[in-house]
Amino acid sequence: MANVGIIGAGSWGCALSWLLSNNGNQVTVWSIMEDEVSMLRNCHEHKDKLPGVILPDDMEFTTDLESAVKDKDMLVLAVPSPFTRSTAGKMAPFIKEGQKIVNVAKGIEDVTLMTLSEIIEQEIPKADVAVLSGPSHAEEVGKGIPTTIVVGSKKKDTAEYMQSLFMSDVFRVYTSSDVLGIELGAALKNVVALAAGMADGLGYGDNTKAALITRGIAEIARLGISMGGRIETFYGLTGIGDLIVTCASMHSRNRRAGILIGKGVSMEEAMKEVKMVVEGVYSAKAGYALAQKYQVNVPVIEQVNKILFEGRPAAQAVSELMLRDKKVENIDLRQLYLNSVEIPW
């Protein structure tokens, strides 16, 4: 049994707390909001964000960050990506040397263009930071629906330790050393999911969505490999796997926000209606900036940015994608393999 602190009591934090507790670990869940902690203590259920998932009676809930962080074998950082830096900074004074932290949020910081694990390492240099990602809606994980996911770490023993804590008969965990590739796939698939939702909102069909998914993963892979990721990552669970589930499901807040935008609702209004952080909005700007930095062509991500931040109508963006210069479909897997970086453990 491990002593685990979950930092963030949203849907994903609560689902993972349920999983880790059922695996026999002692779990403490932290939230900055008093009313949220009070609800969890009284009901052992997050009635707003994860209704129907009853959390075990022996789970602890607190607003005291120090007690949630100190003397823990593993910390799960589950706050929305825009709050990763500020939360990590507040955690830093209570972190011991070599503290294992696994980040489960998905995003890229739009000002610095840093991944979330890079932010955590900058704010908490003494920590041993890993990431957990893959096609995994909290609503399904919390109900014990079979799910497969990946834990990524620069250290093999850290990845295997976390694999042992999360693994169960309904939650299969693979390990990977490609932390950068995992994080880029996780963040940028949310941008493509916004586009898929916009297509739904415009009334388009399965043909359009299949095109967005296929061309979207090509963009993500081109950019990710240019930055030092591995092709296997982008065509695996944390790439194409996560992209499919996010583009296809109504559990996806990014797809739901995209549907509203496709129907003519503004970005701000869509985010309010979804009532959760739509991380693809934040990752869109960062993803496009990275593409410009590494000189990679990303037409889908570019059009999403124009819709979100320049007021371009979604229908016009689709038209521009369809009427671009004629191309040969050229996903040169051999060249992508050659450009991939070998990441040793």
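## Helix α7 and its neighbours

The buried residues of helix α7 pack against α1, β4, β5, β6 (128-133), β7 (147-153) and β8 (171-176). Keep in mind that this is a predicted model. Which residues of α7 (residues 156-166) are the buried ones? They are Thr158, Ala159, Met162, Leu165 and Phe166. Looking down the axis of α7, you'd find these buried residues within an arc of 125 degrees, so they line one face of the helix. The spacing fits a familiar rule: an α-helix has 3.6 residues a turn, so residues three or four places apart point the same way.

## Strands β1, β2 and β3

Let's move on to the strands. β1 (residues 3-7) runs parallel to β2, and 5 bridges join the two. One pairing to look up is Gly5, whose bridge partner in β2 is Thr28. Put helix α1 (residues 11-22) together with β1 and β2, and you get a right-handed β-α-β unit.

β2 also runs parallel to strand β3 (residues 60-62), this time with 3 bridges. Here Trp30 stands opposite Thr62 in β3. To get from β2 to β3 the chain passes through helix α2 (residues 34-43), and that β-α-β crossover is right-handed. As for exposure, β2 (residues 26-30) is mostly covered, with 4 of its 5 residues buried.

## Strand β4, covered on both faces

β1 has β4 as a partner too: 4 bridges join them, and they run parallel. Val4 stands opposite Met74 in β4. Then β4 pairs with strand β5 (residues 100-103), again parallel and with 4 bridges, and the bridge partner of Leu75 in β5 is Ile101. Between β4 and β5 the chain goes through helix α4 (residues 84-91), making a right-handed β-α-β crossover.

Which residues of β4 (residues 74-77) sit on each side? Met74 and Val76 are on one side, Leu75 and Leu77 on the other, and all of them are buried, so both faces of the strand are covered. In general, side chains in a regular strand alternate between the two faces of the sheet.

## Salt bridges around Asp242

If you're setting up charges, here's the electrostatic side of things. Across the whole structure, a search finds 12 salt bridges. Among them is the one where the side chains of Lys106 and Asp242 meet, at 2.7 Å from N to O. Lys106 lies in the loop between β5 and α5 (116-123), while Asp242 belongs to helix α11 (residues 237-248), so this pair ties together parts that are 136 residues apart in sequence.

Asp242 also forms a salt bridge with Lys189, where the closest N and O atoms are 3.7 Å apart. Lys189 is in helix α8 (residues 179-201) and Asp242 in helix α11, so the pair links parts 53 residues apart in sequence. Buried or exposed: how do these charged residues come out? Lys106 is buried, with a relative accessible area of 12%. Asp242 counts as buried at 1% relative accessibility, and Lys189 is buried as well, at 5% relative accessible area.

## Other charged contacts

Elsewhere, the side chains of Asp200 and Lys209 meet in a salt bridge, at 2.9 Å from N to O. Lys209 is buried, with a relative accessible area of 13%. There's also a network of salt bridges that links Arg85, Glu109 and Glu123. The general idea is simple: side chains of opposite charge can pair when their charged atoms come close.

Then there's Arg312, in the loop between α15 (299-310) and α16 (314-322). Leaving out residues up to four places away in sequence, Arg312 touches Gln303, Lys306, Ile307, Ala317 and Glu320. With Glu320, the side chain of Arg312 makes a polar contact, side chain to side chain, at 2.9 Å.

## Two backbone angles to check

Most residues other than glycine have a negative phi. His44 isn't a glycine, yet its phi is positive, at about 50 degrees. This residue lies in the loop between α2 and β3, and His44 counts as buried at 12% relative accessibility.

Where is Leu113 found? Its place is the loop between β5 and α5. Leu113 has a positive phi too, near 65 degrees, and is likewise a residue other than glycine.

Methods. Residues are numbered from 1 along each chain as its sequence is written. This is a predicted model: local features need pLDDT of at least 70, side-chain atom pairs count only at pLDDT 80 or more; totals for chains, interfaces and linings use all residues. Side-chain values use heavy atoms; hydrogens and water are left out. Contact means heavy atoms within 4.5 Å. A polar contact is a pair of N or O atoms within 3.5 Å; within protein, one must be able to donate a hydrogen and the other to accept it, and residues adjacent in sequence count only if both atoms are side-chain atoms. Buried means under 20% relative accessible area, exposed over 50%, partly exposed in between (1.4 Å probe, protein chains only). Two strands pair if DSSP finds at least two bridges between them. A crossover is right-handed if, with the strands pointing away from the viewer, the path from the first strand over the helix to the second runs clockwise. The arc is that of the directions from the helix axis to the C-beta atoms. A salt bridge is a side-chain nitrogen of Lys or Arg within 4 Å of a carboxyl oxygen of Asp or Glu.
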